[in-house]
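Student: Please give me a close look at one part of this model: its inside. Then work outward to the charged side chains.

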Amino acid sequence: MVSNGVLYRHAPDACTEEPQLIVPAHEREDVLRKYHDAPTAGHYGAERTSQKILERYFWPDLRKDVAKHIRDCLQCQRYKASNLRPAGLLQTPSMQRRFEVLSIDLFGPLPPSQDDYKWIFIVKDRASRWVELFPLSQATAENCAVVLMEEVFLRYGVPRRIISDNGTQFISKIMQKLLHCLDIKSQFIPVYHPQTNPVERKNRDLKTQLAILVGDQHLTWKENSRPTQQT
């Protein structure tokens, strides 16, 4: 709409029925200073300043120009509190040695193999991401403890920490006594957040990998579990 040579705009979503004056480019900076920098403007943020201007004026990319003007405002930079978190102290992450921290989990029950194995005990080294799979006939605390002692600790050394879920096999007296005697710290993940266990991803992938390798021969999963060991 043009009135007396001045261009106006009617905005259907505006808060007022008054038409908005279309501000030419060379006058926009004056409007920004009036609605943000002036003592009566209050140096408000981008959204509130934009809303005040839109009550009377309009131009393309108005909100973008308001945001830039406020970012460049020296008074706002000097006196307004930042909403950003303060930078923390620089910390150098400590490098883990191989087989210093292990993650363990159980996968199953599976269809009984030809020699009556039904479970897979998963052990993952957090540093190297090496994974080893051990078939078990029964998912008992004693079987898990024997595998850890004979197949892991004697081959790779005693770890400093073991991460697991709250399965009965891992919180059992047998397992906790073994870890206590070897001075291994036991770390349990939250009950409703199994994804915090680094081995959980391997647990999810194992089902797909075994399905591809086994095909219709479901009883051969034990023979096909070895190729799924990986870093």
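Tutor: What follows starts with the interior and ends with the charged pairs.

The model is predicted: local features need pLDDT of at least 70, side-chain atom pairs count only at pLDDT 80 or more, and totals for chains, interfaces and linings use all residues. Residues are numbered from 1 along each chain as its sequence is written, and side-chain values use heavy atoms, with hydrogens and water left out.

The protein has nine helices and nine strands (DSSP runs numbered from the N terminus: helices are H or I, at least four residues; strands are E, at least two). Of its 231 residues, 34% count as buried. Buried means under 20% relative accessible area, exposed over 50%, and partly exposed in between, with a 1.4 Å probe and protein chains only. Contacts (heavy atoms within 4.5 Å) often span the sequence. Among those with a separation of 6 or more, 55% join residues 24 or more positions apart.

Now the largest nonpolar core. It holds 21 residues, and Phe121, Val123, Leu148, Phe153 and Ile162 touch the most other members. Two or more residues each come from β5 (101–107), β6 (119–125), β7 (131–136), α5 (141–156) and α7 (173–181). Helix α5 gives the largest share, six residues. By nonpolar core I mean a set of buried Ala, Val, Leu, Ile, Met, Phe, Trp, Tyr and Cys residues joined through side-chain atoms within 4.5 Å.

Look at Phe121. Beyond its neighbours within four places in sequence, its contacts include Ile104, Leu106, Leu133, Phe134, Cys144, Leu148 and Phe170. They also include the acidic residues Asp105 and Glu132. A second, separate core has eleven residues, among them Val31, Leu32, Ile53 and Leu54.

Arg161 is a charged residue on the inside. It sits in strand β8 (residues 161–164). Arg161 is buried but has no salt bridge; Glu100, the nearest side chain of opposite charge, is 7.6 Å away. Lys and Arg count as positive, Asp and Glu as negative; His and the chain ends are not counted. The Arg161 side chain does make a polar contact with the side chain of Gln187, at 2.3 Å. A polar contact is a pair of N or O atoms within 3.5 Å; within protein, one must be able to donate a hydrogen and the other to accept it, and residues adjacent in sequence count only if both atoms are side-chain atoms.

Helix α3 (residues 62–71) has an inside and an outside. Its buried residues are Leu62, Val66, His69 and Ile70. Seen down the helix axis, these fall within an arc of 95 degrees, so they line one face of α3. The arc is that of the directions from the axis to the C-beta atoms. The face turned away carries exposed Lys64 and Arg71.

Last, the salt bridges. There are seven (a side-chain nitrogen of Lys or Arg within 4 Å of a carboxyl oxygen of Asp or Glu). Glu47 pairs with Arg63, with closest N and O atoms 3.1 Å apart. This pair links helix α2 (residues 46–54) to α3, across 16 residues. Glu47 is partly exposed at 47%, and Arg63 is partly exposed at 40%. Arg33 pairs with Asp30 at 2.4 Å. Both lie in α1 (residues 28–37), three residues apart, about one turn of the helix. Asp72 and Lys68 also meet in a salt bridge, at 3.0 Å. Shared partners join Glu29, Asp30 and Arg33 into one network.
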